[in-house]
Amino acid sequence: MEQQSVIDMCDVVFDEQGWRAYLHALLGSAPRYLEVFAGRFGRLRGQSAASVMRAFAADPGHTIGSLAERLGATEPHAHIARLAADDIRAQVVHGGPWPTAHGTVNDPVAAQVAAHPERLIGWAGVSLRNPDSALTEATRALAELRMTGLSIIPFLDGVDVADQVHDPLWRLCVEHDVPVWIHSGQHFRTTVPAGISAPSVIDRIAGRHPDLRIILGHGGWPWVLEAVALLQRHPRVYLEFSSHDPATMAAAGSGWEPLFLHGTRSIRRQVMFGSTSWTHGRSVREIADRADQLPIDEDTRHDWLYGNAERMLRLDAVVSR
């Protein structure tokens, strides 16, 4: 069977500093993620999951540094070559608001995108903990760093992203016609409610800002039926299912069944592929090949893996010019 061309709506390609900043933010706010990803971290260090957890308990800084060194070891040109060889036509790479020695994580991500605009699309990570600071960073990222979308992680910020105090940020996105990706679904920061990332939160934003393009990052699981209803209500709301293994999604009882039913019908043009490849320990192509086996028809598969993202990102207009 011919290899399916793919657009990847969610991955991270941090350098070592970026990974260090991200892991400090993630594991500092939500230490349960250490256990969730212990197996993946263990493979990076050539250790067991239990050994990684013991090492982190003894010296968190050293352990994070070791993981960041391994995760950031991929040379950018090698990454681009792998995407090209695997027919990954475009990849949205997400930045972050966490400070580094050279600004925020957004800065080196923007530099990578500027060096490889034929393959990479950069979206700036923004923290909503301080609405004024969020607006400042978003404005800088769009105007100075030339990034073309925003990325929000509500559970790390610990705030209600649908609070009207954030409306100036959403108006900025509409004014610049840029989409915003919002983590939606399960998270492991146990000190904030699970519902902080529920699709119902997105409904409140989309209702006030109908022209805003919103992507439910990670697909909204376990609220998949709610996510389907949200997309049916709002034609400019999309979802991508990165970080979830398509093989598990396709298993009976996974909870993804509503997506396979309605995703071939009413919301067929609003579902997109994403990888977050580091969480899988597989290449984007390997994850896409697993998605190619989902219980959907061939035309729907093309839309999910390529066509919908091409339209949402306006890449079809670029190609036609």
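Two strands count as paired here if DSSP finds at least two bridges between them. Keep that in mind as you click around this predicted model, since much of the tour follows one sheet.

**Stop 1: the first strand and its partner**

Select residues 6-11, which form strand E1. Now add residues 88-94, strand E2. The two run parallel and are joined by four bridges. To see one facing pair, show Asp11 and look across to Val93 in E2. Is E1 enclosed or open to the outside? Six of its six residues are buried, so E1 is largely enclosed by the rest of the structure.

**Stop 2: zoom out to the whole chain**

Switch to a cartoon view of everything. The protein chain holds 18 helices and 10 strands. Its C-alpha trace spans about 50 × 50 × 40 Å along the principal axes. A compact globule of 321 residues would have a radius of gyration near 20 Å, and the 19 Å of this chain agrees with that.

Try a surface next. The accessible surface of the protein chain comes to about 13600 Å², and carbon and sulfur atoms account for 52% of it. Of the 321 residues, 57% are buried. If you colour by charge, you'll be looking at 30 positive and 37 negative charges, whose mean positions lie 2 Å apart.

One more thing while you have the full view: take the contacts with a separation of 6 or more, and 75% of them link residues 24 or more positions apart.

**Stop 3: walk across the sheet**

Hide the helices and follow the strands. Eight of them make an open sheet in the order E1-E2-E5-E6-E7-E8-E9-E10, with parallel pairing. The edges are E1, where you started, and E10 (271-272), and each of these pairs on one side only.

Pause in the middle of that walk. Select E6 (150-152) and E7 (residues 180-183). Three bridges join E6 to E7, and the two run parallel. Show Ser151 and you'll find Trp181 of E7 opposite.

Keep Trp181 on screen and step over to E8 (214-217). E7 and E8 also pair in the parallel sense, over four bridges. Here Trp181 stands opposite Ile215 in E8.

Now show the side chains of E8. In a regular strand the side chains alternate between the two faces of the sheet. Which residues of E8 point which way? Ile214 and Leu216 point one way, Ile215 and Gly217 point the other, and all are buried.

**Stop 4: the loop after E8**

Carry on past the end of E8 into the loop that leads to helix H12 (224-233). Select His218, which is found in this loop. His218 isn't a glycine, yet its phi is positive, at about 75 degrees. With a relative accessible area of 12%, His218 is buried, since the cut-off for buried is under 20%.

A little further along the same stretch, select Trp221 and Pro222. The peptide bond from Trp221 to Pro222 is cis, with omega near 15 degrees. Pro222 lies in the loop between E8 and H12.

**Stop 5: another positive phi**

Jump to Arg146, in the loop between helix H8 (131-143) and E6. Arg146 has a phi near 60 degrees, again a positive value in a residue other than glycine. Is Arg146 buried or exposed? Its relative accessible area is 63%, so Arg146 is exposed.

**Stop 6: Ser127**

Move to Ser127, in the loop between E5 (120-125) and H8. Ser127 is partly exposed, with a relative accessible area of 21%. What does Ser127 touch, leaving aside its neighbours within four places in sequence? Show Pro97, Ala134 and Asp157, which are its contacts. If you'd like a distance to check in the viewer, try the C-alpha atoms of Ser127 and Val13: they are separated by 19 Å and sit 114 residues apart along the chain.

**Stop 7: finish at Arg265**

Last, select Arg265, in the loop between helix H14 (257-262) and E10. At 60% relative accessibility, Arg265 counts as exposed. Add Thr300, 35 residues away along the chain, and draw a line between the two C-alpha atoms: the separation is 8.9 Å.

Technical notes
Residues numbered from 1 in each chain as written. Predicted model: local features only at pLDDT ≥ 70, side-chain atom pairs only at ≥ 80, totals over all residues. Heavy atoms only, no water. Rg over C-alpha atoms; globule rule 2.2 N^0.38 Å. Buried < 20%, exposed > 50% of the residue type's maximum accessible area, 1.4 Å probe, protein only. Contact = heavy atoms within 4.5 Å. Areas by Shrake-Rupley, 256 points an atom, 1.4 Å probe, with all protein chains shown as cover. Lys, Arg positive; Asp, Glu negative; His and termini not counted. Charge placed at Lys NZ, Arg CZ, Asp CG, Glu CD.
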